[in-house]
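Reader: Can you walk me through this one? I'd like the overall picture and then some details.

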Amino acid sequence: MWELLAFLLFTLAYFLWPKPKCISAKYPKSLPSLPLVGSLPFLPRGGHQHVNFFKLQEKYGPIYSLRMGTKTTVMVGHHQLAKEVLVKKGKEFSGRPQVENFSSDSITSLLDVLIQARMNSGNNNAASDRDAKLLSDKHILTTIGDIFGAGVETTTSVVKWTVAFLLHNPQLQKKIQEEIDQNVGFGRTPNMSDRNQLIWLEATIREVLRIRPVAPTLIPHKAIVDSSIGEFAIDKGTSVIINLWALHHNEKEWHRPDQFMPERFLDPTKSQLISPSLSYLPFGAGPRSCLGEILARQELFLFMAWLLQRFDLEVPDDGQMPSLEGNPKLVFLIEPFKVKIKVRQAWREAQAESST
């Protein structure tokens, strides 16, 4: 009985176990794996997954593979390899795991897909009431609203992180406000032409995007052809995940990467913005990069400049500081916290003077 069971398990493992397409090819180091469950039993328990994946680089290197069930996933944690995937070979890794492909040339966006499906259901007399409800006009509008809401949530999340770090660094807040007072004053609202003068604010935003990236692991890519990353072969159909957390917390690229230091984005004289490392991709790169990057950066700068021009951000009366641990979901969210917002005395006096 046991011999038969062992034979069946061995046979099952043989057929389910992945087989490299080229025996002589060099593949990334791999975590141990078992039939059906893959590498799941060997993944670290507890903590944030992006941090755990980063720690695994100490043993397996900046690129390694693991098994998700019967599927192979490659983790990339170095900026040169990441840019090879995203930019140099962006077309070869342009696929998305488990994404339905639509063959109609007329369908070019999710909105087109929903509208087309809605029209098809309306023309199909056999369509069930349930299908009609799922594809109602209200459902389409709600779905589109969720898409735009996700973009708003991303920007809102970065604003919350920025406020939290300013509460932990009150001297930095004062420095930014002094910069705004000197270069903008109180007679007008800050605009994008002020960006090169408000370098401490811009450096702060860049540092927030580094230390708490919106998405610690970028949306997975998939190899649509047999390809390679660095010296390693990557078979068609392999999922590839860029661990942005690893890029932004690499000690070889960043001085004291776990510390919040906006000054790292300033030159030694603290008078100009610089790019201290190539290992910085807060919005991804290549053909699959975030289309809203420019708008998001502008929104963040303008809102924070407007806010700090008029208000002081203070710790609430209970003295409870915001946690900087975070909660990674679709975006890397900060846990809810309280902040006391007071109208700045300098702003109040300037407004009183202008009204007389």
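**Notes on the fold**

Author: A place to begin is R256, which sits in the loop between α9 and α10. Keep in mind that this is a predicted model.

Reader: What is the phi of R256?

Author: Phi of R256 is near 45°, a positive value in a residue that is not glycine.

Reader: Is R256 buried, partly exposed or exposed, and why?

Author: R256 counts as partly exposed because its relative accessible area is 43%, and the partly exposed class runs between the 20% and 50% limits.

Reader: Which loop is L36 in, and what is its phi?

Author: L36 lies in the loop between β1 (29-30) and α2 (49-60). Its phi is positive, about 70°, although L36 is not a glycine.

Reader: And why is L36 classed as exposed?

Author: Because L36 has a relative accessibility of 54%, and exposed means over 50%.

Reader: Back up a bit. How many helices and strands are there?

Author: The protein has eleven helices and eleven strands.

Reader: How much of the protein is buried?

Author: Of the 356 residues, 40% are buried. The protein exposes about 20600 Å², and carbon and sulfur atoms supply 57% of that area.

Reader: What share of the contacts is between residues 24 or more positions apart?

Author: Counting contacts with a separation of 6 or more, 71% are between residues 24 or more positions apart.

Reader: Now the inside. Which residues touch the most other members of the largest nonpolar core?

Author: I176, L201, M304 and L308 do, in a core of 38 residues. The helices α6, α7 (170-183), α8 (199-211) and α10 each supply at least two residues of this core.

Reader: What is L308 in contact with?

Author: Leaving out neighbours within four places in sequence, L308 contacts L166, Q173, I176, Q177, I180, L201, L313 and R344. I176 and L201 are also among the core residues that touch the most other members.

Reader: Which residues are in the second core?

Author: The second core is separate and has 19 residues, including V74, L218, V240 and A285.

Reader: Stay with α8 for a moment. Is A203 buried or exposed, and why?

Author: A203, which is in helix α8, is buried because its relative accessibility is 0%. Beyond neighbours up to four places away, A203 contacts P262, F265, L266 and L273.

Reader: How far is A203 from E263?

Author: The two are 60 residues apart in sequence, and their C-alpha atoms are 6.8 Å apart in space.

Reader: What about R297, which helix is it in?

Author: R297 is in helix α10.

Reader: An arginine in there. Why does R297 count as buried?

Author: R297 counts as buried because its relative accessibility is 16%, and the limit for buried is under 20%.

Reader: What does R297 touch?

Author: Setting aside residues up to four places away in sequence, R297 touches R195, E202, R206, L209, Y280, P282 and F283.

Reader: Different topic. How many cavities are there?

Author: A search of the whole structure finds two cavities of 30 Å³ or more. The second largest holds about 30 Å³ of space.

Reader: What lines the second largest cavity?

Author: Its lining consists of T154, T155, V158, V214, F283, A296 and L300. The elements giving two or more residues to that lining are α6 (137-168) and α10 (293-310). With three residues, α6 has the largest share.

Reader: How many of those lining residues are nonpolar, polar or charged?

Author: Five are nonpolar, two are polar and none is charged. F283 is one of the lining residues, and R297 touches F283.

Reader: Which residues of α3 are buried?

Author: In α3 (residues 79-88), the buried residues are H79, L81, A82, E84, V85 and L86.

Reader: And what covers them?

Author: The cover includes the strands β2 (63-68), β3 (71-76), β4 (221-222), β5 (227-229) and β7 (239-242), along with the helix α9 (244-248).

Reader: Last one. Where is S94?

Author: S94 lies in the loop between α3 and α4 (110-123). At 22% relative accessibility, S94 counts as partly exposed. The C-alpha atoms of S94 and I224 are separated by 7.0 Å, with their positions 130 residues apart along the chain.

Conventions. Residues numbered from 1 in each chain as written. Predicted model: local features only at pLDDT ≥ 70, side-chain atom pairs only at ≥ 80, totals over all residues. Heavy atoms only, no water. Buried < 20%, exposed > 50% of the residue type's maximum accessible area, 1.4 Å probe, protein only. Helix = DSSP H or I, 4+ residues; strand = E, 2+ residues; numbered from the N terminus. Contact = heavy atoms within 4.5 Å. 1 Å grid on protein atoms, 1.4 Å probe; cavity = no way out; pocket = protein on both sides within 12 Å on 5 of 7 lines; lining within 4 Å. Points joined across faces, edges and corners; volume = space filled by probe spheres on them. Nonpolar A, V, L, I, M, F, W, Y, C, P; charged D, E, K, R; others polar. Areas by Shrake-Rupley, 256 points an atom, 1.4 Å probe, with all protein chains shown as cover. Core = buried A, V, L, I, M, F, W, Y, C linked by side-chain atoms within 4.5 Å.
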